[in-house]
Amino acid sequence: YGWIDAGEATMEVENKEYYHNGRKVYRIIGKGYTTGSFDYFFKVRDTYETYLDEEALIPWVFNRNVDEGGYLTKHNQIFNHRAKKVIVTDYVKNTVNTYDIPMNIQDLVSAYYYARCLNYDTIKVGDTISVTTFFDSAIFPLTVKFAGRETIHTAFGKIPCLKFHPMLQTGRVFTEQEDMSVWFSDDGNHIPIRVEAQIVVGSVKADLKHYQ
């Protein structure tokens, strides 16, 4: 946050075999947490987990466990793509609800891995990509705009990247729709290299620290 290291995040595809209803799936875990002095002012401990179909690249199960400055959320989402339904259990509110969904909908984590598999060879500046996503008991399009190709300096040397602007909700955190920029490696892996964002009370920058 500015010049202070405020936190770290990790994303891991577990190197184990998992199955859901006879389908082979990837178990993907994302974690975010504050570090140092930020832990005293606004403690964050977030965990996101998805079980992604290896062949169809759609989620079957999504779990979200969030503690952000005392704000707690704990959701479980079970997707039934054949019936076009998702069952959402809210463990904080102690509720269970069923929602209608379109075919091939993604969750917040699976959307990124799905997008990694798209072909960007012919993408042009200004083109947008939209992935239909289910999050917080609602359907919304996760849309990004292509901003061009750039080679950026990193701890790993110079890396050719694809640059995107996620289309953000303005208001409480962001002033403009394109206040965030994300750079992905311009190769077959599409690894996230850097994120920069202008927010209402300053700026945030995240750099890739380690990968394998």
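Buried means under 20% relative accessible area, exposed means over 50%, and partly exposed lies in between, using a 1.4 Å probe and the protein chains only. This is a predicted model: local features need pLDDT of at least 70, side-chain atom pairs count only at pLDDT 80 or more, and totals for chains, interfaces and linings use all residues. Residues are numbered from 1 along each chain as its sequence is written, and side-chain values use heavy atoms, with hydrogens and water left out.

**Stop 1: the surface**

Select Tyr40. At 75% relative accessibility, Tyr40 counts as exposed. Tyr40 sits in helix α1, residues 38–41. Helices (H or I, at least four residues) and strands (E, at least two) are DSSP runs, numbered from the N terminus. Now add Phe41 and Phe42: with Tyr40 they make a nonpolar surface patch of about 480 Å². Patches are made of residues with over 30% relative accessible area and no salt bridge; like charges are joined within 9 Å, and nonpolar side chains (Val, Leu, Ile, Met, Phe, Trp, Tyr) within 5 Å. Accessible areas come from the Shrake-Rupley method with a 1.4 Å probe; for residues, only the protein chains shown count as cover.

Go to Pro141 in strand β10, residues 138–154. Pro141 counts as exposed, at 54% relative accessibility. Leaving out residues up to four places away in sequence, Pro141 touches Ser130, Val131 and Thr132. Contact means heavy atoms within 4.5 Å.

**Stop 2: the core**

Select Phe79, Tyr120, Phe134 and Phe164. Of the 27 residues in the largest nonpolar core, these four touch the most other members. Elements giving two or more residues to this core include β4 (44–53), β5 (59–68) and α2 (110–116). A nonpolar core is a set of buried Ala, Val, Leu, Ile, Met, Phe, Trp, Tyr and Cys residues joined through side-chain atoms within 4.5 Å. Beyond four places in sequence, the contacts of Phe79 include Trp60, Ile101 and Phe134.

**Stop 3: the rings**

The structure holds nine aromatic pairs. Show Tyr112 and Phe184: their ring centres are 5.8 Å apart and their planes at 25°, so the pair is stacked. Tyr112 lies in helix α2 and Phe184 in strand β12, so the pair ties together parts 72 residues apart in sequence. Rings of Phe, Tyr and Trp (its six-membered ring) pair if their centres lie within 6.5 Å; planes under 30 degrees apart count as stacked, over 60 as edge-to-face and the rest as tilted. Tyr112 is buried at 18%, and Phe184 is buried at 17%. Widen the selection to one aromatic cluster: Tyr112, Tyr113, Tyr120, Phe146, Phe164 and Phe184.

**Stop 4: the charges**

The count comes to twelve salt bridges. A salt bridge is a side-chain nitrogen of Lys or Arg within 4 Å of a carboxyl oxygen of Asp or Glu. Pick Glu14 and Arg27, which meet at 3.0 Å, N to O. Glu14 is buried, with a relative accessible area of 15%. Add Glu49 to see a network of salt bridges linking Glu14, Arg27 and Glu49. Next, Arg194 bridges to Asp207, with the closest N and O atoms 2.5 Å apart. Arg194 is in strand β13 and Asp207 in strand β14.

**Stop 5: two backbone angles**

Which residues other than glycine have a positive phi? Asn94 is one, with phi near 60°. Asn94 is exposed, at 70% relative accessibility. His190 is another, with phi near 50°. His190 is buried, with a relative accessible area of 10%.
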